[in-house]
Amino acid sequence: MKKEINWSKYLVIGFFAVGIIAMTLNSFLPGKDDIKDLELTDNGIALPSFSKEAMVGKQLFDMNCVACHGRNATGTEQGPPLIHRIYNPGHHSDRAFYLAVQNGAKQHHWPFGDMPAQPQVSSEQVSRIIRYVRELQEANGIMYQQHQM
């Protein structure tokens with residue numbers, strides 16, 4: 001005797017399963033309120049509504065860093081993009097930025113050569129530049145990830 005399959009039962013179960021999956025995935029996506037303050041640049045970089053400290057940091061970045069690290073930290077032929085997951089705070093802490101500005105940095109992730117020290121940039125200015133870079137990173141989904149070797 002051939003058993004008849006009740007397709008309507010499976011259709012209802014499938015419908016509910018898809019609904020549960022969609023609701024779960026939706027909780028991980030940014031909501032309308034999360035992205036309302038973002039503006040996209042021509043190259044797809046999200047620009048948040050920066051804090052006052054980050055706005056000062058952007059001005060300092062534009063005066064001291066943009067030639068190598070590019071507009072909105074997107075990189076150039078002379079230096080790497082800081083809007084890249086390799087620069088997340090778990091891999092390159094804020095201290096790494098201070099040390100790079102103070103002492104320079106040896107080439108280690110990119111083929112751009114060594115970064116020279118930037119003695120014209122004070123520690124206080126570096127703090128504001130870091131704030132700008134971190135807010136820009138966060139707006140583009142670059143969050144702390146524990147470094148693994």
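Helices (H or I, at least four residues) and strands (E, at least two) are DSSP runs, numbered from the N terminus. The structure is a predicted model, in which local features need pLDDT of at least 70, side-chain atom pairs count only at pLDDT 80 or more, and totals for chains, interfaces and linings use all residues. Residues are numbered from 1 along each chain as its sequence is written, and side-chain values use heavy atoms, with hydrogens and water left out.

**Exercise 1. The chain as a whole**

Determine how many helices and strands the chain has, and in which pattern they follow one another.

Solution.
- Step 1: The chain holds six helices and two strands.
- Step 2: Along the sequence, these elements appear in the pattern α-α-β-β-α-α-α-α.
- Step 3: Of the 149 residues in the chain, 29% are buried. Here, buried means under 20% relative accessible area, exposed means over 50%, and partly exposed lies in between (1.4 Å probe, protein chains only).
- Step 4: Contacts (heavy atoms within 4.5 Å) can also be sorted by sequence separation. Among those with a separation of 6 or more, 60% join residues 24 or more positions apart.

**Exercise 2. The two sides of helix 5**

Identify which residues of helix 5 are buried, and explain why they line one face of the helix.

Solution.
- Step 1: Helix 5 covers residues 94-103, and its buried residues are Phe97, Ala100 and Val101.
- Step 2: Viewed down the helix axis, the buried residues of helix 5 fall within an arc of 95 degrees, so they line one face of the helix. The arc is taken from the directions from the helix axis to the C-beta atoms.
- Step 3: These buried residues pack against helix 6 (123-139).
- Step 4: On the face turned away from the buried side, helix 5 carries the exposed residues Arg95, Gln102 and Asn103.
- Step 5: After helix 5 comes Gly104, with a positive phi near 85 degrees.

**Exercise 3. Tyr98 and Arg128**

State where Tyr98 and Arg128 lie, and which residues they contact beyond their neighbours within four places in sequence.

Solution.
- Step 1: Tyr98 belongs to helix 5 and is partly exposed, with a relative accessible area of 27%.
- Step 2: Apart from neighbours within four places in sequence, Tyr98 contacts Ser123, Val126, Ser127 and Ile130.
- Step 3: Between the C-alpha atoms of Tyr98 and Gln125, which are 27 residues apart in sequence, the distance is 9.9 Å.
- Step 4: Arg128 belongs to helix 6 and is partly exposed, at a relative accessible area of 28%.
- Step 5: With neighbours within four places in sequence set aside, the contacts of Arg128 are Glu53, Ala54, Val56, Gly57 and Leu60.
- Step 6: Glu53 is 75 residues from Arg128 along the chain, and their C-alpha atoms are separated by 5.8 Å.

**Exercise 4. Residues in the loops**

For Asn72 and Ala73, give the sign of phi and decide whether each is buried or exposed. Then locate Ile86 and Gln118.

Solution.
- Step 1: Asn72 is in the loop between helix 4 and helix 5. Its phi is positive, near 60 degrees, although Asn72 is a residue other than glycine.
- Step 2: Asn72 counts as buried because its relative accessibility is 5%.
- Step 3: Ala73 is in the loop between helix 4 and helix 5, and it has a positive phi of about 60 degrees without being a glycine.
- Step 4: Ala73 has 0% relative accessibility and therefore counts as buried.
- Step 5: Ile86 is placed in the loop between helix 4 (66-69) and helix 5. Outside its neighbours within four places in sequence, Ile86 contacts His91, His92, His109 and Trp110.
- Step 6: Gln118 is in the loop between helix 5 and helix 6. Gln118 counts as buried because its relative accessibility is 19%; beyond neighbours within four places in sequence, it contacts Asn64 and Val101.

**Exercise 5. The lining of the largest pocket**

Establish which element supplies the largest share of the lining of the largest pocket, and how its residues divide by type.

Solution.
- Step 1: Helix 5 supplies the largest share of this lining, with five residues.
- Step 2: The lining divides into 19 nonpolar, eleven polar and two charged residues. In this division, Ala, Val, Leu, Ile, Met, Phe, Trp, Tyr, Cys and Pro count as nonpolar, Asp, Glu, Lys and Arg as charged, and the others, Gly among them, as polar.
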